[in-house]
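Dear colleague,

I am passing on the structure we spoke about, and my notes on it follow below. Please read them with the model open beside you.

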Amino acid sequence: GKSKSKSRKSVRKSVLDVLNTVPDVVEFHVETPEEEETLELRCVSTDKLVDVRIVLSELPNTCHVTNYSFRHTVRGDELKDDTEVISLKPRSVAIQEESYTYDKSIEHVQRFADLFSSTNLLGPPASKKPKPTDSWLHDPNKDQKLEASLTPSEIKKRAGNESGKMWEEPLLSEFYSYFSFADLPKPLDSIKVVAGSDHKDGECFFELDLHVAGEVMRVVACEEGYHMQANSAIKKTTLVELAKGNNETFSERYAALIDGFKKRNEFGNPPLGLRANSWVVPQCLSEPDQGKRSLLPADDAKFNGGAGGFLSDDAKERDWYSEFLKSTDMPGSNPAERVARDRRVFLLHSHFVDTAIVNACSAASSEDCSENIETDNILITSEKEATKISVDCGSYRGMPDKERFDNAEQSLIKGLLADENTIARDVDNLASVKVHFNG
């Protein structure tokens with residue numbers, strides 16, 4: 001009995017030690033096949049290989065590689081993405097490029113086109129503005145400790161209205177200017193999937209037209225990678241390597257773009273930030289002429305992209321509930337997957353709310369307003385307001401206290417049990433909206 005109790009105590013102690021251990025920074029090495037170099041990464045001891053994959057999608061030198069697996073450099077065995085970095089001895093892996101499927105090939109084309117959205121689709125780049133010299137924050141004699149303790153509102157109040165601009169107010173219209181490299185020569189003018197060239201079950205998946213500096217390069221996608229239509233003997237596993245080997249202009253301009261990425265952010269590239277932050281309407285969709293509007297590659301259905309909202313006036317009616325259900329099946333096991341899923345759900349829900357408000361207000365304004373109306377795949381239930389709406393969370397003043405407390409308790413429990421996937425999978429709440437309009 002005593003030995004058991006001691007072992008239990010030691011086990012409990014070790015578990016607590018693990019929980020209270022602060023993650024360490026560890027060095028991790030990745031061998032890349034194309035440039036034949038070893039990348040040295042700084043990882044956290046709690047990271048997994050899926051986190052390493054995300055880092056590689058950020059780095060300018062590896063952001064164009066999409067279809068690969070990891071193999072241990074010593075043992076040579078294939079490693080799963082949920083393998084912890086700290087468990088590997090030594091902490092070194094090699095990128096092993098895999099055979100393509102049709103979907104993986106389309107996904108790679110999307111990433112390829114994504115790299116050049118910074119030069120083609122986002123409008124003018126950000127312009128550097130001189131810092132104000134007449135601001136209180138620019139005063140070299142100011143108290144550093146006092147400045148660190150002030151809130152933004154207190155800083156504004158202390159600075160006064162006549163002290164000049166302390167910082168430039170951010171404008172929503174300039175959101176994408178940070179990601180724009182329109183001042184650099186375009187490595188790629190456009191990319192199009194050749195109509196009628198899709199063969200999901202054939203040896204060749206589809207054909208692409210790459211427009212580079214006035215020339216058209218016809219590329220064929222297959223299981224081994226990509227090759228020129230005129231020369232099927234030389235295959236490359238990435239479109240970047242294929243285009244660099246067949247067009248000097250592309251090679252020079254691509255090198256200039258990657259150099260621009262590194263100068264803007266040494267540890268990441270703007271296309272990844274663009275995919276993670278494109279919640280605002282981009283410049284390419286703000287054109288007055290609808291014929292000139294174009295989609296970001298991450299939203300274009302031709303590249304397996306998915307936009308949550310309508311992008312044209314002649315779009316068909318949507319099956320809202322089915323689309324919300326479909327979003328719940330999207331993967332969300334790591335931050336990159338959750339960003340893609342949450343962005344789609346956000347756009348879908350925003351468009352659903354807009355459509356619901358317009359239809360509900362139209363139904364309430366019509367003379368033949370009935371209790372149940374179905375339009376645009378939305379069921380509208382109309383009823384008169386029982387009492388005036390309270391400012392207390394939109395509830396009615398006539399609601400009994402017990403019912404109000406029960407609703408608050410349910411919301412509290414739901415919040416405590418929530419995780420990163422709860423909101424995106426709460427279809428019942430996402431697919432309903434209550435509109436108060438004219439009584």
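How many nonpolar, polar and charged residues does the lining of the second largest cavity have, by class? Before the answer, please bear in mind that this is a predicted model. The lining has two nonpolar, five polar and two charged residues, and the residues concerned are Val65, Thr66, Asn67, Glu97, Glu98, Tyr100, His108, Thr237 and Thr238. This cavity holds about 40 Å³ of space, and the structure has two cavities of 30 Å³ or more.

Turning to the interior, the largest nonpolar core has 32 residues, of which Phe112, Ile191 and Leu210 touch the most other members. Two or more residues are given to this core by each of helix 3 (102–115), strand 7 (204–212), strand 8 (215–222), strand 9 (225–228), helix 7 (239–246) and helix 8 (248–264), with helix 3 providing the largest share, six residues. Beyond its neighbours within four places in sequence, Phe112 is in contact with Leu188, Ile191, Leu210, Leu239, Val240 and Phe250. A second, separate core has 18 residues, including Cys43, Leu59, Tyr68 and Leu79.

Further along the chain, strand 11 (residues 372–375) and strand 12 run antiparallel and are joined by four bridges, one of which pairs Ile373 with Ile380. The two strands form a hairpin with two residues between them, and Asp376 in the turn has a positive phi of about 55°. Along strand 12 (residues 378–381) the side chains alternate, so that Ile378 and Ile380 point to one face and are buried, whereas Leu379 and Thr381 point to the other and are not buried. In a regular strand, side chains alternate in this way between the two faces of the sheet.

With best wishes

Notes. Residues are numbered from 1 along each chain as its sequence is written. This is a predicted model: local features need pLDDT of at least 70, side-chain atom pairs count only at pLDDT 80 or more; totals for chains, interfaces and linings use all residues. Side-chain values use heavy atoms; hydrogens and water are left out. A nonpolar core is a set of buried Ala, Val, Leu, Ile, Met, Phe, Trp, Tyr and Cys residues joined through side-chain atoms within 4.5 Å. Buried means under 20% relative accessible area, exposed over 50%, partly exposed in between (1.4 Å probe, protein chains only). Contact means heavy atoms within 4.5 Å. On a 1 Å grid over the protein atoms alone, a cavity is a set of points where a 1.4 Å probe fits but cannot get out, and a pocket is an open set with protein on both sides within 12 Å along at least five of seven lines; lining residues have an atom within 4 Å of a point. Grid points are joined across faces, edges and corners, and a volume is the space filled by probe spheres set on the points. Ala, Val, Leu, Ile, Met, Phe, Trp, Tyr, Cys and Pro count as nonpolar, Asp, Glu, Lys and Arg as charged, and the others, Gly among them, as polar. Two strands pair if DSSP finds at least two bridges between them.
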